[in-house]
Amino acid sequence: DPFSVVTTLAEVDEEVAKSSFVILGAFKDRSSDSCTSFIQIASDADDAVFLLTDNIELMTEFGLTDGGVVAVRNFPDEEPRVVMEGEKTPHLIEEFVKAHQLPLVVEFSEETANTIFGGDITRHFLLFADKSSEGFEDLMNTFRETSKGFKAKLMFVFVDNSVEDNDQILDFF
């Protein structure tokens with residue numbers, strides 16, 4: 001299956017701890033149109049974890065009704081749960097996943113380089129700053145706030161210029 005069936009909050013939390021991002025679908029009827037759409041996107045996605053539940057307590061915990069979908073994330077300074085609004089078509093579920101699977105600001109590192117430069121978003125707004133400098137938190141809060149208007153259109157990337165290995169990114173620009 002392209003998804004895992006979960007019945008407890010502990011199972012969801014375990015998946016989020018492993019991957020930082022999961023999509024949870026609440027479907028009592030797996031043959032419904034919205035569940036079929038959910039499974040189709042889960043089958044096509046190789047960069048996100050999809051979970052499915054029909055457990056009423058778990059649905060209630062996440063504020064979902066039958067047919068609901070929520071992104072559950074572990075991104076610093078961001079909302080941990082984002083409920084999908086509206087119709088659940090394959091296209092709309094895919095757009096929802098893309099819009100929420102990355103934090104508003106991605107910190108450049110060897111681990112995130114492929115996500116940053118190999119993903120669907122090909123336009124980047126880079127901020128070069130020293131994490132330990134005075135005023136950094138204010139700068140980052142402004143950068144993060146600005147990024148909200150460009151979700152899934154422009155990737156906001158923070159490069160800590162106090163990290164020696166990050167000098168390599170300057171070769172690209």
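Is Asn55 buried or exposed? Keep that in mind while we walk through this predicted model, where local features need pLDDT of at least 70, side-chain atom pairs count only at pLDDT 80 or more, and totals for chains, interfaces and linings use all residues. Residues are numbered from 1 along each chain as its sequence is written, and side-chain values use heavy atoms, with hydrogens and water left out.

**The sheet.** Select the five strands (DSSP runs of E, at least two residues, numbered from the N terminus). They make an open sheet with mixed pairing, ordered S1-S3-S2-S4-S5. Strand S1 (4–5) and strand S5 (81–83) are the edges, each pairing on one side only; two strands pair if DSSP finds at least two bridges between them.

Next, pick residues 21–26 and 68–73: strands S2 and S4 pair there in the antiparallel sense over six bridges. Within this pair, Gly25 stands opposite Val69 in S4.

**The helices.** Now show helices (DSSP runs of H or I, at least four residues). H1 (residues 9–19) lies across S1, S2, strand S3 (49–53), S4 and S5, at about 150° to S2. H4 (residues 90–100) lies across S2, S3, S4 and S5, at about 15° to S4. Angles run from 0 to 180 degrees between N-to-C directions of axes fitted to C-alpha atoms, for helices over the stretch in contact (heavy atoms within 4.5 Å).

**Back to Asn55.** Select Asn55 in the loop between S3 and helix H3 (56–61). Asn55 is buried, because its relative accessible area is 17% and buried means under 20% (1.4 Å probe, protein chains only). Its side chain reaches the backbone nitrogen of Leu58 at 2.8 Å and the backbone oxygen of Thr7 at 3.5 Å.

Key
Buried means under 20% relative accessible area, exposed over 50%, partly exposed in between (1.4 Å probe, protein chains only). A polar contact is a pair of N or O atoms within 3.5 Å; within protein, one must be able to donate a hydrogen and the other to accept it, and residues adjacent in sequence count only if both atoms are side-chain atoms.
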